[in-house]
Amino acid sequence: AAKMAEQTQKAVFFLTLPLWQCVLNLSGMSNNPLLMEGEAYEAGNLFENDKSIGEQSAWSYQMQLAVYFGELMLAKELCDKLLKKGSSNEWHYFSCARTFFFGLIGIDLYRKYRKRKYKQLAQKMTAKLKKWTTSGGINCVHKYLLLKAELASIKGSVDEVKTDGNSAIDDIRRIYDAAISSSQRSGFGQDAALANERAGEYLLRLRKEGDLNDPHNCYWPEIYITRAHRLYSEWGAIGKANELSQRRSDLIELQSKSRSDHKKGSNMQGRQRFGDLSYLAKEKESSAHRRIGFRFSAVSSSMRLSSLSVANSANSSK
């Protein structure tokens, strides 16, 4: 902070200050993860900020924290503030993240209150991300897919998903999986964690409503929630991982037990395989290496045979 002040980078400092505090909150290094106060803002108090630089940035990061920690009303309040600012939400890298979280908040509000305006907000943000994606915004793909899955998961919207002979639940789950896979390929581990959490919560709601009767789907909530917990921890968001483990401890413990008992039957082994996407990736990689090794061995054998044939021809000519 002192170095930035020396280099007259005070404006940049105040713009990035909320991000610093957001990271501390997610990491569990603050007293209250929902408040923008702590170590970062204590450093910020060393300098004057008469123009309220970074105010909207603070709203944005606090809104994201409210979504991560399930404080819907706080998220709505901050979302409304930012939406009133209009064009400021279109600034460079802010726009993609804000649009994404606006959409998630709209979906959560519609799910709770069933008001059309909230679903329309979510649809508007999803359409915007889709437009950016088709225009080459590769970092928007997984965000668009997650909003698409969330919209499809709203009760009463499953008929909007093409089933192609599969159940609507399976097809919605595949959209979540596509969002997770795209997040991981793009290096957005935090969004992969969020997508896993959202997928798990969707399937858990179905289970509670009695709509998750298929034995092939009954164990998926545990798998997604456990995977989300692991990915949050790997991202460094220990505060969020702890919140999830406390709120869904029964699911995470059940999945951990399933992993330890996987030798008891093929069904348990299947759960362990599907419980980690990296397993499939490693399996494919191993298979590819075996194929390459086989081909190399075949080529080597062919070369040896050719060499022997040439040698034999040379000997016979003598």
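## Starting at Arg-247

Let's begin with one residue: Arg-247 has 34% relative accessibility, so it counts as partly exposed. Its salt-bridge partner is Glu-197, with N and O 2.8 Å apart. Glu-197, at 8% relative accessibility, counts as buried. Keep in mind as you look around that this is a predicted model.

The two residues bring together distant parts of the chain. Glu-197 belongs to helix H10 (residues 189–208), while Arg-247 belongs to helix H12 (residues 238–247), and 50 residues separate them.

## A second pair and a network

Helix H10 also holds Glu-201, which forms a salt bridge with Arg-248. Here the closest N and O atoms are 2.9 Å apart. Are Glu-201 and Arg-248 buried or exposed? Both of them are buried. This pair, too, links distant parts of the chain: Arg-248 sits in the loop between H12 and helix H13 (249–260), 47 residues from Glu-201.

Now the picture can be widened. Salt bridges with shared partners join Glu-197, Glu-201, Lys-240, Glu-243, Arg-247 and Arg-248 into one network. As a general point, side chains of opposite charge can pair when their charged atoms come close. How many salt bridges does a search of the whole structure find? The search finds 16.

## A pair within helix H6

Another of these pairs lies within a single helix. Arg-111 and Asp-108 form a salt bridge, and their closest N and O atoms are 3.4 Å apart. Because they are three residues apart in helix H6 (residues 92–113), about one helical turn separates them.

Their accessibility values fall on either side of the 20% cut-off for buried residues. Arg-111 has 21% relative accessibility and so counts as partly exposed, whereas Asp-108 has 19% and so counts as buried.

## Where H8 meets H9

Next, take a look at two helices side by side. The axes of helix H8 (residues 141–153) and helix H9 (residues 168–186) come within 8 Å and cross at roughly 160°. That angle makes H8 roughly antiparallel to H9, and the crossing of the two is left-handed.

Which residues make the contact? From H8 they include Val-141, Leu-145, Leu-146 and Ala-149, and from H9 they include Ile-172, Ile-175, Tyr-176 and Ala-178. Lys-148 and Glu-150 of H8 also take part, as do Ser-182, Ser-183 and Ser-186 of H9. The residues of this contact divide into ten nonpolar, five polar and two charged.

How values were computed:
Residues are numbered from 1 along each chain as its sequence is written. This is a predicted model: local features need pLDDT of at least 70, side-chain atom pairs count only at pLDDT 80 or more; totals for chains, interfaces and linings use all residues. Side-chain values use heavy atoms; hydrogens and water are left out. Axes are lines fitted to C-alpha atoms, for helices over the stretch in contact, and angles run from 0 to 180 degrees between N-to-C directions. Helices (H or I, at least four residues) and strands (E, at least two) are DSSP runs, numbered from the N terminus. Angles under 35 degrees count as roughly parallel, over 145 as roughly antiparallel, 65 to 115 as roughly perpendicular and the rest as oblique. A crossing is left-handed if the near helix is turned anticlockwise from the far one by less than a right angle, and right-handed if clockwise. Contact means heavy atoms within 4.5 Å. Ala, Val, Leu, Ile, Met, Phe, Trp, Tyr, Cys and Pro count as nonpolar, Asp, Glu, Lys and Arg as charged, and the others, Gly among them, as polar. A salt bridge is a side-chain nitrogen of Lys or Arg within 4 Å of a carboxyl oxygen of Asp or Glu. Buried means under 20% relative accessible area, exposed over 50%, partly exposed in between (1.4 Å probe, protein chains only).
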